[in-house]
Amino acid sequence: MSIKTFSRGGVHPPDNKLSAGNKIVELPPPELATIPLSQHLGAPAKVLVNRGDQVKVGQLIAQSEGFVSTNIHSSVSGKVLKVDQFMDSSGYRRMAVQIQVEGDQWMETIDRSDDLVRNSVLPAEDIRKKILEAGIVGLGGATFPSHIKLMVPQGKTAEYVIINGVECEPYLTADHALMMERSEELLSGIQLLMIGLGVEKAIIGIENNKPDAIEKMKEITRGSSVSVQGMKVMYPQGGEKQLVQALLKREVPSGGLPIDVGVVVFNVGTAHAVYEAVMKNRPLINRIVTVTGKGLDKPSNFMVRIGTPVSSLIEKAGGLPEATAKVINGGPMMGKALSTIDVPVVKGSSGILLMDESEARRKDVKPCIRCTKCVSVCPMGLEPYLLMTLSEKSFFERMEPEKVMDCIECGSCSYTCPSSRPLLDYIRLGKAEVGKIMRARKAV
Amino acid sequence: MNKFIVSPSPHAYTDESVPKLMYGVIISLLPALAVSVYFFGIGMIIVSSVSVASCILFEYLIQRYMMKVKPTHLDGSALLTGLLLAFCLPANIPFWIVMIGALAAVGIGKMTFGGLGNNIFNPALVGRVFLFISFPVAMTAWPEPGQWMHYTDAVTGATPLGLMKEGLANRTVGEIMPEVPSFLNLLLGKTMGSAGEVSALALLLGMLYMMYRKIISWHIPITILATVAIFTGILWLANPDRFADPLFHLLTGGLMLGAIYMATDYVTSPMTPKGMIIYGVGIGVVTVLIRVFGAYPEGVQFAILIFNGFTPLINKYVKPKRFGKEVKHG
Amino acid sequence: MSQIIIYTIITLVAIGAAAAIILYFVAQKFKVYEDPRIDEVEEALPAANCGGCGFPGCHNFAETLVKTESWDDLFCPVGGNDTMSKVAGILGREAIEQAPKVAVVRCNGTPEFRPRVTTYDGAPTCAIAHSLYAGEGICPHGCLGLGDCVVVCNFDAIHMDPDTDLPVVIDDKCTACGACVEACPRDIIELRKKNKKDRKIFVSCINEEKGAVAKKNCSVACIGCAKCFKVCKYDAITMENNKAFIDSEKCVLCRKCVLECPTSAILELNFPPPRKKEPVVEASETEIK
Amino acid sequence: MEYILIIISAVFVSNIVLNQFLGICPFIGVSSKVETAIGMTGAVTFVMVIATLVTYLIYHSVLVPLDIVYMRTITFILVIASLVQLVEIILKKISPPLYQALGIFLPLITTNCAVLGVAVLAVQKDFGLLESTVYAIGNAIGFGLALITFSGIREQLDLLNVPKRMKGVPIAFIVAGLMALAFMGFTGIV
Amino acid sequence: MNQWKNFSKGFIKENAVFVLFLGLCPTLGVTTSAINGLGMGLATTFVLVMSNLVVSLVKNLIPDKVRIPAFIVIIATFVTVVELVMKGYVPALFDALGLFIPLIVVNCVVLGRAEAFASKNTIWSSLVDGAGMGLGFTMALTVLGAVRELLGSGAFFGMKLISGDAMLLFILPPGAFLALGYLLVLANMIKEKSS
Amino acid sequence: MAKKESTFLSMVATLFVVTLVAAGLLGSVFALTKEPIRLAELKKKNEAIQVVVPGFDNEPSQEVERVFMDGDSIYLYTARQGEEILGTAVETFTNNGFSGQFKLMVGFAPDGSIIDIAVIKHAETPGLGDKMEKGKSDFSVQFMGKHPDSFNIAVTKDRGDVDAITASTITSRAYCDAVTRAYGAFMKSQKEN
């Protein structure tokens, strides 16, 4: 088969997968864990514990509040120090539970053994319920509660489960490591998702810069209804819509979801978490985080408890280099810059990337010369140069017809601009303003 | 404690930059420049250096003293404008006319609109057409190639297109063709014409280089050349006595220079491939219309300016194919 | 010769009469109801139908004048101010006399008081920085210093002070149009009553953190101690969300609260020479310069 | 063929706006948006053709036989003014959508010198009835071409960083000048 | 009203061309030389003064609904008078101005003043207003004409200042637009300076 | 302000009066200017004839002859001094100008040689084509005294004897076309008489 990729736009930033091939290192629980109540898209969870309470690993400490929301579990055992506002990665203060770690006592219901459990006999409904209870969210970074994806809306049918092993972000290797080391569990998780959705076919998409992962997954999935597809390296292939289009030649309609074309997409990490939740009864309390950067001593893939401070991760990877100028939560294309490293790892943290001044600084902004590069790299077929100008000059009402809401914020435009224009910055602002306009219209 | 830099994503950028693109274009112009200097000698050297120097100087002066902004005269764009302006002037034109052209190009064409990226019309072309209309005599006296040491005193003659336009009034194409340089000479540039437009071969080399560097895409130049070839081809087939053959039209005049360097100017050309094709076809058609039916022997500069004017409309109505409008099953 | 004059008269009169009669009857027959005020306004306009106002004709312009709320960009170049005020009269839109107001910036978080812990490197607008993170200073309510308010001001009445990284309002130029209030993503700018000699007293902080946190973020933050609230005899001060607010309508500029404030979060501007409390007055002086 | 030449000449070679300087006021005034420009073009086409026809008839059946051609200006302007109002009133009643699209531009056309200019030019050039009509259509297209292109450019200029002093009318004239410069290329086509 | 103020406003503060952007067609069309601009300006001034005079005379006799047609007739009458007189006594200028003489009828300045000023003011004020606006218009046309003549044919009021060709562009249509555009910028700058 | 009310009657009456007065005024101005206008036009024509066939004392514009050529009429004016025919002024045209039609007045001596040529009306490009006008360049001078039989009225590019105006070959060529047409008309009228 020909090498697949999506049909429109895309860029190819240097890979920089420094930590590729490094084994996953499991880190011990931190001394002090801060577990935010809002680690997912949607409403923050409602806290169930009070100051001074004793909690165990895996204990539910905050409950899903509303439809788009999810449960939060304690990732450590110990005493609740505070339920208060703590600084999050953006410097704003949000509610979180801070726990003084004492020992490592787990909930009795959790199966902590390493034994592989295959072939679930649970009905689809129970699988969905377990996923809901375990507080699983999309681990690729979007943190959309997974149980909602498993509820296929009326009138629509799911045909395919697509598993996203693309990891198109430069530097990040967490998914790669997961596929290499937990491939059996991953396959089991995929099969659970298929049962949960009542779907016969699943495809794992992996970019060609991870040949060993493709090999491994192909070997394991042989004979199952799960197929593995190697893909041309191209950012942002990991975007849901791009992935679906690349693998199935189906275009998710504007404003729609993959389910509109009969597809549900999960990240490999999510599939693995589903396995843990359903087969081992273990809620989402830890995740794999890549800690990387050119100045770092030991770029690593860590298995970390949610709530561990980022600073301690960096410490374990060799310590913060003197020249560090920027710390990014996630990859260089879509990650979020941190204003301080005293923030906890959350469900959506896929990597911690350190950059020095020369890498981090943006170049001086020059005038747009309309070179068309941003238009040709936009995977959504938008015109970033126009959107930015409209946003800059506050012509927000003209941005809606230009489909600004289709923007997936992949950053390809800003990446490619020879004038170093902050295209995505302004487009994001425009999206927010257009969103306001649309909501106001709906309200009338 | 470290003071971290915070910025929205993305946090990675390409190495491309505006100066790099501009200098890429300038490199691709070197073969044509070399050919021009070879044929027109000192005249070309004077014209191009005066043009480049005045464009840069005027850009600096206007930005510094009239717009009161930080001058950007060294970002390569003024240099490029100057070079392109020199390319479409006769190599024997007095230097003060070149300076007026540079003032028109930079002052009217570019700075009036706010500088790089804001102009609607291609500055070099504005300069050229401004001069062409203002100083028709000086702008249509073309030096014969090979006069190394002559500048304004060079012996002049008519361009192949001029010969054709004049000749067709009472003679047939067949009778005129012997007076026109051979196609080989047209390809190499041993003919009369604006300094930089004579050698089709050198310009094509430049185009290949720019395409290889991905500075320009094929859409605009190829559509223009193809449209001109097809349109003149039809006319030629219909009446070979009245209309010259397509090869003649492709190799003569400023077509190559216009199609490859002027029409592809980022700022003034459409943003989408579809738009570029509409633009290219339009320029091709208007060029041939003016060449064949109009009063001027050459039309490409007017055609490009006209379609520079249409570019905003093209951009408004020709959008890239959005993701996810139609859903294909299967 | 007189024959030609007669022909002229007959022709012109005939054409004129024909036009008038046809128009009259057609107008009767094809009458369409319209807001009568539009006609009234149109009457007041010069009827030059020149398009100088940017509208395709006086009628259209009149319609817009009647129907739209904001007349910001509407002006008739032919009739000038007289016409416009007449139109305003017809529509009863005489501007309601209001007590003059002026914009004040309610943040005093200079780098000295509010250390900068990060460097912002995104697009230089407050709106984008605000949606991204707390800002260079640690206070998530403080001024971002990127000047969105400066950009929107049509009267050059506001500019950034490079020493304090805070915007400065020039009272004489400020028209209290409110554009900056709208533009500030953090709602730091407020329109307050204009007092004699541009004097004003206000709480130059809008943070909602608890006292300890606020103090940590910025040394001149309002820590919600309510001392000013207790000292004010005119009920001009209210406490809400851990901070004080001085109502400019009730405040009599007695300056008791200024003396009381432990963090110098209450600013007094344009008063006679300072008596004590140096940091505040210094800051205020830089602000009015 | 002759009619085609008349049209080409009116549209490109001696474009009514860029070459003859007629209809400059709406060209500057009603060109800030493409949609408005299209509406204006429709209205101008409509009125220009009818006005040229009617004035042609009046000129040749009244003024010439009575030997009072010096009355041209005054009769033409009267006729055009009444005509515009007539069209406006009728359109408003008969087709409100069409009125919404074109009607709002109608009053502006009375003082659009392009309409009177074309009517006068058509009789000056000794055109026949059909020729006059074609001439009016050609000029209307020419007006539309210039106006719509120009409005496209102005929409774009809104998004660009035009220097403050140049903004508005001055830059509009510069753009018009450069368009006129480009249109000079058509010289001699007809 | 202060008559001097009333008169002088047409030159700078409410200049028809540079400030109000009215009457642009003849401004562009006839200004290939200063003398043409002057001639056109004076012709327009005559019409303006006369129509202002007559309109203010009859303003109370004309019902509102027909005032526009009546004004148009009045204006058109004076335009035709100008047309006939010029044809008879200055045929060369008439030929040079051509179509733009009848087009004074549709010059917004004329109808605009009649409607906005003359129909509301006394005869004397209307006369002064018409003269002021008209002479302001004349000044604008003459300046533009002089600039174009100077740049385009190297002459000033017909006197050749340089031998040989100048920048032809400026007496051709594109030059009219460009020259007016830059003059407007200049006018803006002067306005900025003065205020 | 006391304005008249807009009743149908008052409206019609007002318009009636206004148009009546306007028409009366116009009619009288026309009557006054009719003669000067006629004279001005006559003067213009006579001046052109005066340039190309100087020295006449008759009214050449009264001695008109019309010749049809190339779908349009060409007027010939005979200029006399006393009884002697000084020459014929031919009002000719060409449609090949750079900007369409232009008109020339060509004066022929009775033997057919060109006395002088004047431009009546043209729209050629200023600074280029308009150099055909007398005084703007020496272009028209080269025709003076030449006889079309011996002087090939065509630009040198077309193997004729006329030196074209620099950069305005089209105008020059059209000029020759008009002169040739004038000569044709002149010969035709000579033959007929």
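1. Here are some notes to read beside the predicted model. To begin at the interface of chain A and chain B, 25 residue pairs are in polar contact across it, with both partners at pLDDT 80 or more. Several elements of chain A supply at least two residues each to the side that touches chain B: helix H6 (240–248), strand E15 (324–329), strand E16 (336–338), helix H9 (357–360), helix H10 (373–377), helix H11 (384–392), helix H12 (412–416) and helix H13 (423–443). Of these, E15(A) gives the largest share, with 5 residues. Sorted by class, this side of chain A holds 30 nonpolar, 14 polar and 22 charged residues.

2. How many residues does each chain bring to this contact? Chain A contributes 66 residues and chain B contributes 41 residues. Together the two chains bury about 4,600 Å², and carbon and sulfur atoms account for 56% of that area. If you plan to look through the pairs of chains one by one, this is a good place to start: there are 13 pairs of chains in contact, and chains A and B share the most contacts.

3. Charged pairs also cross between chain A and chain B, where 5 salt bridges are found. One that you can pick out in the viewer joins B:Lys321 to A:Glu251, with the closest N and O atoms 4.0 Å apart. The cut-off for a salt bridge is 4 Å, a value worth keeping in mind when you look at this pair. As background, side chains of opposite charge can pair when their charged atoms come close.

4. Now for the contact between chain F and chain B. Here 10 residues of chain F meet 9 residues of chain B. The buried area is about 770 Å², with 60% of it from carbon and sulfur atoms. Which residues of chain F lose the most area to chain B? They are F:Phe98, F:Leu128 and F:Arg173, which together make up 41% of what the chain F side buries.

5. Staying with chains F and B, the search for salt bridges across their interface returns 0. The count of residue pairs in polar contact, both at pLDDT 80 or more, is also 0. The side of chain F that touches chain B consists of 4 nonpolar, 2 polar and 4 charged residues.

6. Some chains do not meet at all. Chain A and chain E are not in contact, and their nearest C-alpha atoms are 24 Å apart. Chain A has no contact with chain F either, the closest C-alpha atoms of that pair lying 37 Å apart.

7. On chain E, please have a look at the surface. A nonpolar patch there is formed by E:Ile35, E:Leu150, E:Leu151, E:Phe156, E:Phe157, E:Met159, E:Leu161 and E:Ile162. Together these residues have about 700 Å² of accessible area. One of them, E:Met159, belongs to strand E2 (residues 159–160) of chain E.

8. Over all chains, the whole structure has 44 salt bridges. Within chain A, A:Asp104 and A:Arg305 form one, at 3.1 Å from N to O. This pair links distant parts of the chain, its two residues being 201 residues apart. A:Asp104 sits in the loop between strand E8 (93–101) and helix H1 (124–133), while A:Arg305 is in strand E14 (residues 300–305).

9. A few backbone details deserve a friendly flag. Where are the cis peptide bonds? One runs from A:Tyr235 to A:Pro236, with omega near 0°, and A:Pro236 is placed in the loop between strand E11 (226–231) and H6 of chain A. Another runs from B:Ser9 to B:Pro10, with omega near -5°. B:Pro10 is found in the loop between strand E1 (4–6) and helix H1 (18–66) of chain B.

10. One last backbone point concerns A:Asn16. This residue is not a glycine, yet its phi is positive, at about 55°. A:Asn16 lies in the segment before strand E1 (24–26) of chain A.

Notes
Residues numbered from 1 in each chain as written. Chains lettered and ligands numbered in written order. Predicted model: local features only at pLDDT ≥ 70, side-chain atom pairs only at ≥ 80, totals over all residues. Heavy atoms only, no water. Contact = heavy atoms within 4.5 Å. Buried area = accessible area lost by both parts, 1.4 Å probe. Salt bridge = Lys/Arg side-chain N within 4 Å of Asp/Glu carboxyl O. Polar contact = N/O pair within 3.5 Å; in protein donor to acceptor, adjacent residues only side chain to side chain. Helix = DSSP H or I, 4+ residues; strand = E, 2+ residues; numbered from the N terminus. Nonpolar A, V, L, I, M, F, W, Y, C, P; charged D, E, K, R; others polar. Patch = residues over 30% accessible without salt bridge, like charges linked within 9 Å, V, L, I, M, F, W, Y side chains within 5 Å. Areas by Shrake-Rupley, 256 points an atom, 1.4 Å probe, with all protein chains shown as cover.
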